[in-house]
Amino acid sequence: MTELLGMRGITKTFPGVKALSDVNLSVRRGEIHAICGENGAGKSTLMKVLSGVYPHGSYDGEITFDGQRCEFGSVRDSERRGIVIIHQELALCGQLSIAENIFLGNEQAKRGWIDWNRTNHEAGALLKRVGLAENATRAVQELGVGKQQLVEIAKALSKEVKLLILDEPTAALNDDDSAHLLDLLRGLRDEGVTCVIISHKLGEVTAIADTVTILRDGKTIETLDAAGLTEERIITGMVGRDLEHRFPPREPSIGEEVLRIEDWTVHSPTQAGRVVVDHASLSLRRGEIVGLAGLMGAGRTELAMSVFGRSWGKDISGRILKHGEEIEVRSVQDAVRHGIAYATEDRKRYGLNLIEDIQRNVSAAGLGKLAKRGWVNEHAEHDTANSYRRDLRIKAPSVQSVTGKLSGGNQQKVVLAKWIFTDPDVLILDEPTRGIDVGAKFEIYTIINELAAQGKAVLVISSELPELLGLCDRIYALSAGRITGEAKREEATQELLMQYMTKERE
Ligand SMILES: Nc1ncnc2c1ncn2[C@@H]1O[C@H](COP(=O)(O)OP(=O)(O)OP(=O)(O)O)[C@@H](O)[C@H]1O
Ligand SMILES: [Mg+2]
């Protein structure tokens, strides 16, 4: 196979950070090429250099594509050559429909008028191709992040794509949907589309990639043939040493019940009459790590957000009991006051203020602890943020760094720091390791274990069943808004949970 893409000697610096240093990448025509590396290794930056997000002149080195030297001044330039990138942080317009998003900037027009029939019809065909069973006229903001990802891919397919770049496409997807997506990529490969995929899910990398390039600290470490390649071998390249265990050891010490949710029912704010959470009941105990499993659309995030001060949903009914007594949690302030914290799966929309620095983000939900007579003690704020930066190993030059410029995984750590700082009794973590590399995952599991050891009750929502099995004392499964099963650590298996998660309404 011949080379389709060659990147040679790529060096890219930001103020105070050398993100890429003399990186080489060679992608052959018609292959699926994976790029692996820890958070902050430079993967996204390399792809942004390629796609013209960082224009020619803002980096050193040389790019050849399809036999020609490329000096892209913008994303439009690279798209014109058939390079399409789907970014790690999704970039859809929430108010617009699925179809409108797919053809945004590429409108299906006839004599200056947008042809809506054609737009919706073709969007429908693309949705079928990516396997998304949604009406193309539905607003994107009504979809969960997982489905939005599929819309992004449909959008990419609507263009003449020769090289498709996916920056963590399956991070938000559960196993079934990920498997579906990987099949989709295999199909595209058979049609001659070359693909570069960035993923922290190493099982997927070994399953789908033909070649793997590993970056560490902004440098190319090696390029490996994927035939016979193991996850352990990739990890060794990524972290520069062997990683013996994926989960830190822990001796749970579980106490009395802290939080109980009874008969919790939530309706959709946008679709009249649709029940999203259906008489769900669950309880969390002191020092306990409890998992919440469910397929995409099962209502896990909706359950968590509605409990967290009614941040989602309408016509909410049911009871919340803290230490056996009913509490009123009508707003996020109420929730925080009652010692409930929720770290979101969607850090861009709800979790972080990306234009602020790390320090402000960490202190945002717990300002009361830093203020005296209405004034925030900036010294204390700085020290607090700094200690989290150290403990959570947030990779940034300082706590004054703007969060929007951190790598995805490091942004996630800032979200965690923000909610840990409120010192809650109950911490709900929604996909806490999404987009996080194996080494940092271990660190985050360690943090979760420590929080439990301090006596907090932790509820972990995760689409990765091995993560729930490795971390939790007890796991609930949610299907179509109902709790369909519960399993203790000893009895939980992937098969059992899947059975619960796919249980239909009787
Ligand atoms: N716009 C920017 N300004 C300043 N620094 C940046 C910017 N973008 C990235 N960086 C820094 O460059 C380095 C590489 O970041 P990059 O986003 O490429 O990492 P990554 O490998 O994609 O990580 P992740 O797996 O977490 O997504 C990081 O140290 C990051 O903080
Ligand atoms: Mg990245």
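Start at Gly240, just after helix α8, where phi is positive, at about 80°. The model on screen is a predicted one.

**Helix α8**

Step back from Gly240 and select residues 231–239, which form helix α8. Ile234, Ile235, Gly237, Met238 and Val239 are buried there. Now show what covers these buried residues: the cover includes β3 (32–36), α7 (202–208), β11 (211–216), β12 (219–225) and α15 (438–453).

**The three domains**

Colour the chain by domain. Domain 1 runs over 3–239, domain 2 is made of 245–339 + 424–506, and domain 3 covers 356–423. Between the C-alpha centres of domain 1 and domain 3 there are 31 Å. These two domains do meet: six residues of domain 1 are in contact with seven residues of domain 3.

**Two nonpolar cores**

Next, select Trp264 and Leu303. They have the most contacts inside the largest nonpolar core, which has 77 residues. At least three residues of this core come from domain 2 (245–339 + 424–506), and at least three from domain 3 (356–423). Another core, of 50 residues, lies apart from it, and Cys36, Ala136, Leu184 and Val239 are among its members. Val239 has already been selected, as one of the buried residues of α8. In soluble globular proteins, nonpolar side chains tend to be buried together.

Stay with Leu303 for a moment. Beyond its neighbours within four places in sequence, Leu303 is in contact with Trp264, Val277, Ala280, Leu282, Leu292 and Leu478.

**Ligand 1**

Select ligand 1 and the 20 residues around it. Which of them come nearest? They are Asn39, Gly40, Lys43, Thr45 and His200. Three side chains can be picked out by distance, in each case from one of their N or O atoms to an oxygen atom of the ligand. For Lys43 the distance is 2.7 Å, for Asn39 it is 2.8 Å, and for Ser407 it is 2.9 Å. On its own, ligand 1 exposes 640 Å², and the protein buries 90% of that.

**Helix α1**

Lys43 leads on to helix α1, residues 43–51. Is this helix largely enclosed or largely open? It is largely enclosed by the rest of the structure, because eight of its nine residues are buried. The buried ones are Lys43, Ser44, Thr45, Leu46, Met47, Val49, Leu50 and Ser51. Go on to Gly52, just after α1, and find a positive phi of about 85°.

**Asn410**

Now select Asn410, in helix α14 (residues 408–421). Asn410 counts as buried because its relative accessibility is 2%, under the 20% limit. Setting aside residues within four places in sequence, Asn410 is in contact with Asn39, Gly40, Arg393, Ile394 and Lys395. Two of these, Asn39 and Gly40, were met at ligand 1. The side chain of Asn410 reaches the backbone nitrogen of Lys395 at 2.9 Å. A polar contact of 2.9 Å also joins the side chain of Asn410 to that of Ser407. Ala440 is 30 residues from Asn410 along the chain, with 9.1 Å between their C-alpha atoms.

**Two residues with positive phi**

Most residues other than glycine have a negative phi. Select Asp66, in the loop between β4 (60–65) and β5 (68–69). Its phi is near 55°. Asp66 counts as partly exposed because its relative accessibility is 26%, a value between the 20% and 50% limits.

Then move to Glu431, in the loop between β21 (426–430) and α15. Phi is positive here too, at about 50°. Glu431 is buried, with a relative accessible area of 7%.

**Trp312 and Asp315**

For the last stop, select Trp312, in the loop between α9 (300–307) and β16 (314–322). Not counting residues up to four places away in sequence, Trp312 touches Val266, His267, Ser268, Pro269, Val276, Glu302, Met305 and Ser306. From Trp312 to Thr301 the C-alpha distance is 9.0 Å, and eleven residues separate them in sequence.

Asp315 is in strand β16. Is Asp315 buried or exposed? It is exposed, because its relative accessible area is 52%, over the 50% limit. With residues within four places in sequence left aside, Asp315 is in contact with Thr265, Val266 and His267. Finish by drawing a line from Asp315 to Lys372, 57 residues apart along the chain: their C-alpha atoms are separated by 38 Å.

Definitions and conventions:
Residues numbered from 1 in each chain as written. Chains lettered and ligands numbered in written order. Predicted model: local features only at pLDDT ≥ 70, side-chain atom pairs only at ≥ 80, totals over all residues. Heavy atoms only, no water. Core = buried A, V, L, I, M, F, W, Y, C linked by side-chain atoms within 4.5 Å. Buried < 20%, exposed > 50% of the residue type's maximum accessible area, 1.4 Å probe, protein only. Domains from an automatic or database assignment. Contact = heavy atoms within 4.5 Å. Near = heavy atom within 4 Å. Polar contact = N/O pair within 3.5 Å; in protein donor to acceptor, adjacent residues only side chain to side chain. Areas by Shrake-Rupley, 256 points an atom, 1.4 Å probe, with all protein chains shown as cover. Helix = DSSP H or I, 4+ residues; strand = E, 2+ residues; numbered from the N terminus.
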